[in-house]
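Welcome! Please take a moment to look over the model below, and then we will walk through it together.

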Amino acid sequence: MAKYLAKRIFYLILTLFIVITVTFFLMKLLPGTPLTNQAKLSKSQIALIYQQYGLDKPVWQQYLLYLAGAVKGNFGTSFQFSDQPVSYLLSSRIGPSLQIGLQAMILGVILGIIVGAIGAMKQNTWADTTTTVVSILGISIPSFVLAVLLQYYLGLKAGWFPIAEWGGFIYTVLPTLALGATPLAESARFVRTEMVDVLSSDYIELAKAKGLSRMGIIYHHALRNSLIPLITIVGPLAVNIMTGSMVVENIFSIPGIGEQFVKSVLTNDYPTIMGLTIIYSFMLCVVLLITDILYGIVDPRIRITGKAN
Amino acid sequence: MADTVKLPEDSFKPITANDRAALDSEKIAAPSLTFTQDAWRRLKKNRGAWVSLIILGIIFIMAFGSMFFSPHNPNAVNPSYANLPSKIPGVNINGFNGTLVQAGQRIDAYQQAGASGVHYIMGTDYLGRDLFSRVLYGTRISLIIALVATFFDLTIGVTYGLVSGWKGGRVDTFMQRVIEIILSIPNLVIIVLFILILKPGMLSIILAIALTSWVNMARLVRAQTLEIKEQEYVLAAKTLGESSLKIAFKHLLPNLSSVIIINTMFTIPSAIFFEATLSYIGIGISSPQASLGTLLNDGQKNFQFLPYQMWWPALVLCIIMLAFNLLGDGLRDAFDPRTKE
């Protein structure tokens, strides 16, 4: 286990290193400077600004400096907001994104499990059909369409929730719903398929033959066993939420990293884009690592050490 | 009282080996179906998938047919006809008859604009461009993206997976590491970086999608190849001295076909979704070109007063996504031998 963990963490670091390197050199290929009014500046002023951003050094030195900084969580200075270090800009924005993302994930997966389990228990009834319809709609309707509709009907028309901005919990409800729809649909589909499989297996027959209660069978035997594979889709779902958050945060004008990413792309704020790319891949790597480890712990049939003894 | 049954004389003729019709009459068996025929039969039984296939066919024909027969020019600006709601001749339902609620009263927007005699099925946008033509144009872009994603899925994805699985060992490890690195960055981030480097537009979106869409396919194909290459018939082919290339085409690919087809069906909606998202946030297709994403973005600005401008593209996008997802589900069931009755 320890060996496996060490190997995985080594690969995580290697991956991040490659991501940093590739993004750094890609960004160097792009035109653009931190200068806003190049024509009006004198040569010495330009030199000073370049020095401030560390752009006066040769590229390889910049790269090494960037790498050394990135290890300490320092991603340089934003082009867009002068004197704002990227790390400061992002650390103040990551909170809302994490909150909405986690809420959407938890809400989506828990509701998905319930919906999927109902679908499997009441197979081929109207409840099952509803489950299927809900899950296929959830997958097919893009989160930004859902977000606009929620904003209009629940926010503006009904007036139940604030339509935008960031404040207390009430402000997170609509974005969470918009982002949570896909995880809900995906996990409902997944749980239903798994559970239909499990329900027709021999040990369920045995449990029934022993005279266990229906709920007992569902909870102890069927549900638990169908949930194990669900861990494998947590990674893809996390990607989905990250992607969705870029648009949804824009629609609800939430000061999160997704909104910042889009803004930075539109304003060519390269240091911020780089910092965000690294943060996104770091988060995804960690999620993938955790799910892999969790899978090994929950399901003893999977030998994480790689070698069966 | 013996009843005499008159039997014709030729009933007593011996059956010869050449008499096919007579031999077949003795057989009790359904006509044997090939794998594809069997899958097709089961797909037709799945109502959702079948309807989706027909709808997609219609959408394809309309989207690509509009290259030649577009009801209006999608880019022709006509400010005097701006923001007309949808009007379908002969239909008198609010929302489809060219009327609009303005200051609490329902008025005929077409009369107000002096546009008698013309009708726009989906209405017009803020510049007076025909929304129907623009939606068709946007759909075409979405479908082109879908076709491109499929193409890269089938070429890069399948080849990568096949080579990785077939070679095994170091090559496999290295190729898998590359995939892991690509997978550890959210797809949209890679696509956005790519678009930053190139200019926003159709070509860069296509390249960006090419770069990211094949990864899942490669993983699935590899996993399946690892399984198939242990089969006896592959061993037999190897023993007989077949070249790797020939084994790949004759033995691996046919057996991988169901995995490939099913996965393609799930690549397509995600590619369409990426394009719509990018255009929606303003880094994809840029105006005056239309895509479903940019149309949604335009429509969303006026959603409170002119909701039809967002409903139409949203509806079309959702129908396309839904149809591909349902078709994918149907194909999975059709190709999965476990669901055979």
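Is H11(A) mostly covered or mostly exposed, and how many of its residues are buried? H11(A) is mostly covered, with 15 of its 18 residues buried. A residue is called buried if 20 or more other C-beta atoms lie within 10 Å of its own, exposed if 12 or fewer, and partly exposed in between, with C-beta atoms placed from the backbone.

A word on reading the model: it is predicted, local features need pLDDT of at least 70, side-chain atom pairs count only at pLDDT 80 or more, and totals for chains, interfaces and linings use all residues. Residues are numbered from 1 along each chain as its sequence is written, while chains are lettered from A and ligands numbered from 1 in the order in which they are written.

**Helix H11 of chain A**

Helices (H or I, at least four residues) and strands (E, at least two) are DSSP runs, numbered from the N terminus. The 18 residues of H11(A) reach 25 Å from the first C-alpha to the last, close to the 26 Å expected at 1.5 Å a residue; the expected span is 1.5 Å times one less than the number of residues. At Ser245(A), H11(A) bends by about 35°, the bend being the angle between axes fitted to the seven residues ending there and the seven starting there. Just after H11(A) comes Ser253(A), with a positive phi of about 35°.

**Annotated spans**

UniProt, in unreviewed entries, places the feature "domain: ABC transmembrane type-1" at residues 94-295 of chain A and at residues 139-328 of chain B. UniProt positions are given in the numbering used here, feature names are shortened, and annotations may be inferred rather than shown by experiment. The unreviewed entry also places "transmembrane region" features in chain A, including residues 100-121 and 272-298. Here is how these spans look in the model:

| Span | Helix | Strand | Distance between end C-alpha atoms |
|---|---|---|---|
| Residues 94-295 of chain A | 80% | 0% | 27 Å |
| Residues 100-121 of chain A | 100% | 0% | 31 Å |
| Residues 272-298 of chain A | 100% | 0% | 38 Å |
| Residues 139-328 of chain B | 84% | 0% | 19 Å |

**Where the chains meet**

The contact takes 32 residues from chain A and 31 residues from chain B; two residues are in contact if their C-beta atoms, placed from the backbone, lie within 7 Å. Among the helices of chain A that each supply at least two residues to the side touching chain B are H1 (2-29), H11 (234-251) and H13 (270-298). That side of chain A divides into 25 nonpolar, seven polar and no charged residues. Here Ala, Val, Leu, Ile, Met, Phe, Trp, Tyr, Cys and Pro count as nonpolar, Asp, Glu, Lys and Arg as charged, and the others, Gly among them, as polar.

**Two residues to find**

Ile114(A) lies in helix H5 (residues 94-121) of chain A. Ile114(A) is partly exposed because 16 other C-beta atoms lie within 10 Å.

Arg129(B) sits in the loop between helix H4 (109-112) and helix H5 (131-167) of chain B. Arg129(B) is buried, because 24 other C-beta atoms lie within 10 Å. Arg129(B) and Ala76(B) are 53 residues apart in sequence, yet 5.9 Å apart in space, C-alpha to C-alpha.

**Confidence**

The mean pLDDT of chain A is 83, and 94% of its residues reach 70 or more; pLDDT is the predictor's confidence in each residue, from 0 to 100. Over residues 304-309 of chain A the pLDDT is below 50. Where pLDDT is low, the predicted coordinates should not be read in detail.
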